[in-house]
Amino acid sequence: MSDKPSCCGSEASRSSNPDVHGNGNSRHDQELKHTHKAGCGHEHRHDHEHGHKHAHDPGHSHDACGCGDHHDHDHSHSHSHDPGPSHDACGCGSSHEAEDAANATLAAAAAEAAAAGATSSVYRIEGMDCADCARKLEKRVGALAAVQIASVNYGAAKMTVIHDGTAGEAVMQTVKQAGYTAIADNGTLSGTYVEQPFWKRNKKAVPTAVSGAVFLFAWLLDLTKVAPESVITLLYAAAMVIGGFRIARTGIYGLKSGTIGMDLLMTVAAIGAGCIGQWEEGAAVVVLFSLGETLEAYTMDRTRRSICGLMDLSPKEALVRRQGSEMKLPTGQIEVGDILLVKPGEKIAMDGMVVQGTSSVNQAPITGESVPVLKETGSEAFAGTINGEGALEIRVTRRVEDNTLSRIIRMVEDAQAQKAPSQRFIDAFAKYYTPAVLLIALGIAVIPTLAFGQPFEPWFYRALMMLVVSCPCALVISTPVSIVSAIGNAARHGVLIKGGAYLERLGAVEAIAFDKTGTLTAGVPQVTECIPLGGRTVEEVLTIAGGIEARSGHPVGEAIVRKAKREGVPLAAIADFAAVPGRGAKAQVGGSLFFIGSPRWFVQELGISLESLQGELERLESQGNTVMVLGTAKEPWAVFAASDELRPNSRTSLEQLRAAGIRQVVMLTGDNRGTAEATASKLGGIAYRAELLPQDKVTAVRELMNKHGHVAMVGDGVNDAPALATATVGIAMGAAGTDTALETADVALMADDLSKLAYTVRLSRRALRIIKQNIAFSLLVKAVFLALIFFGASTLWLAVLADTGSSLIVIANGMRLLRIKP
């Protein structure tokens, strides 16, 4: 199948970061639980339930990227892998060590299976409203002979199947027998199908409405006694058949494939009620259960459609110029290099680079920015954004399936599929709960009669009630609905959260470490002073410094290059350029080796004395400047000072974080102590650590984790990769225009807007509270009704109402997360 994303359909989840660093509660320290073969000759490690039947070989370790090769990584940074403190973000008591690796495994399996000639197909599943049923469907499809791996994404209502290329019809039939509809996701699904009324898309809606009407009619006749008992009984039976046929068929099919689901249990309960003459109760069981399933499907459909709406942001066709001819093409036929012709007020259809025109573009759909952004020649434009008052010509840089909007949708759907730590606890609980209650129900049905001579009917009736409450539907759905709602809400406001695990961890964060340059500051420093030494001129030192820094890409270096260009100073030709991480850069200029970088580098490693400049350096640093020295191996040639202005909302954003419950905010920077102190003072006197190399930032993050437990690190997602990987949660800013940040961060703020961070923390904390509320409520309802049933104080229809009602309450509680705004 194609990996183009449709509205609520995408390719399998991708491994977000093959680099592994950190400690026990770092997101990259994983112990994978077991392996299975995907038909490609390699073993794939899993820690979550996939339908498969493959040999297990724990001795084989495989890379996470899924390319089929072994990788020996040589990183420019290094640090030890100490276990560090272990913390439970969700309070569930379960181990979280393997959750990230488990969530990333399907991507590796799919990639290697494809390399070995296997087929990876993606299907959208219509009508799937039960998380427990999703697991059972996964098991059924995985049991097919031609299928190697089956994985159901309940949150996005999609299923990924890796097979030998012949399983298509069998998969569709298996899904149909399970009571759902499978639609092959080829990336070209139109919005027309999605916009159909719910009752047309969901097979449960019409039978539920008809059986409910028949039941109400029979109940009114029974209440008013205007019809014979036989007629009323016949109507109750009709309600049972109309509403229960689909339920019974699904339950019986599940039994054939070796699973006992809620559909089978409800069928047995309804038939059992009829056998003892309780036709009203049996019909009530069917109608209430069917109504509950339909309402659950409707509410989950609404939740999922919050993400589906993202795809509608991009137009289906666009006007392009290709080889001198203008034509209107579907976005799927637009190629890289085509020129988009965007009129004022139109949506931009593809990612690209502006080659002509000037206009303000509303990027809120992608980045969440409230103010339009000026676009001119050389500016990057994103699909799904809205052009303002000017006409633009944009050269396409990515195909539709690879553009930023499509990748966001894929990542959000994949994130919704990942199991949160609390869900791992629920899965373990449900694994033992249902069989235990079924055994108790069997005992209640037969032991009192056989052992104590009690009447059979009342105890059998109690056993039927036990069947009703034996499936933990509300408990199983309590976490996924909250995760789907929170991640969907965040995506609509320009924040990409990569999964439930990261959502829960962020909700437990106590401290946040920030990189300074480009995060707390605007990242566009300006040269404030250029001081030539030894009688040299400004032009002489600026041409050399500019020539070297033109290759470095460092923000301060770019400021020097901009100053040289503004003053018309030509950049010197250089050779043998080399960047020295955390220190500076060096290159040959005119046959001499020049160095430019921090004063500490010159003194401590190059052995060049700067004692005569000490007073000048201290003055510049005390003013909040970043100071760089240009020189040879013998003497300094010049001193450059540059200052980076704070973002307008940095201080306010930090205050909002404290209000959201963050106990400590720390700034980590490689700048000198004077610059760091001046910046920290402007931010309200926050804690800071200065003159840090990349490995020092890792150490600082670990120290914060030892003190506070859960720590988030905020940076650009590239230069701060080691520290972001070590933190409990790595957060990248401005990810919309940075491929690396979008792929590797746990949480990505699509715009350079720190105010979204406090919103994300509030959202994650609220999600964590709601998940705990849902779990506690679900367990309480089960405990109460088990006690009521045991003591004979409940009825069959009341047990069904409690089971269905608790599921609906849990869903409604989780959906409250959709209403949280920045």
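Okay, look at Lys782 and Asp803: their side chains meet in a salt bridge, 2.6 Å from N to O. By salt bridge I mean a side-chain nitrogen of Lys or Arg within 4 Å of a carboxyl oxygen of Asp or Glu. Lys782 sits in helix 26 and Asp803 in helix 27, residues 796–815, so this pair ties together parts that are 21 residues apart in sequence. Helices here are DSSP runs of H or I with at least four residues, strands are runs of E with at least two, and both are numbered from the N terminus.

Before I go on, a word on where this comes from. It's a predicted model, so local features need pLDDT of at least 70 and side-chain atom pairs count only at pLDDT 80 or more, while totals for chains, interfaces and linings use all residues. Residues are numbered from 1 along each chain as its sequence is written, and side-chain values use heavy atoms, with hydrogens and water left out.

Back to our pair: is Lys782 buried or exposed? Lys782 is buried, at 10% relative accessible area, and Asp803 is buried too, at 4%. Buried means under 20% relative accessible area, exposed means over 50%, and partly exposed is in between, using a 1.4 Å probe and protein chains only.

How many salt bridges does a search of the whole structure find? The search turns up 21. One of them joins Arg322 and Asp338, at 2.6 Å from N to O. Arg322 is in strand 7 and Asp338 is in the loop between strand 8 and strand 9, so that pair ties together parts 16 residues apart in sequence. Arg322 is partly exposed, at 26%, whereas Asp338 is buried, at 6%.

Then there's Arg398 with Asp351, whose closest N and O atoms are 2.9 Å apart. This pair links distant parts of the chain, with the two positions 47 residues apart. Both Arg398 and Asp351 are buried. And Lys204, Arg246 and Glu293 are linked in a network of salt bridges.

Now, helix 26 again, because it has a neighbour: its axis and that of helix 12 come within 12 Å and cross at roughly 10 degrees. Axes are lines fitted to C-alpha atoms, for helices over the stretch in contact, and angles run from 0 to 180 degrees between N-to-C directions. The two helices are therefore roughly parallel to each other. Under 35 degrees counts as roughly parallel, over 145 as roughly antiparallel, 65 to 115 as roughly perpendicular, and the rest as oblique. The contact, meaning heavy atoms within 4.5 Å, involves residues including Phe425 and Phe429 of helix 12, and Ile775 and our old friend Lys782 of helix 26.

Further along helix 12, which covers residues 421–452, you'll find Ile447. Ile447 is partly exposed, at 45% relative accessibility. Together with Leu442, Val446, Leu450 and Phe452, Ile447 makes a nonpolar surface patch of about 550 Å². Patches take residues with over 30% relative accessible area and no salt bridge; like charges are joined within 9 Å, and nonpolar side chains (Val, Leu, Ile, Met, Phe, Trp, Tyr) within 5 Å.

For contrast, try helix 15, residues 500–507: eight of its eight residues are buried, so it is largely enclosed by the rest of the structure.

Last, the whole chain. There are 27 helices and 28 strands, and 58% of the 822 residues count as buried.

Note on methods
Areas by Shrake-Rupley, 256 points an atom, 1.4 Å probe, with all protein chains shown as cover.
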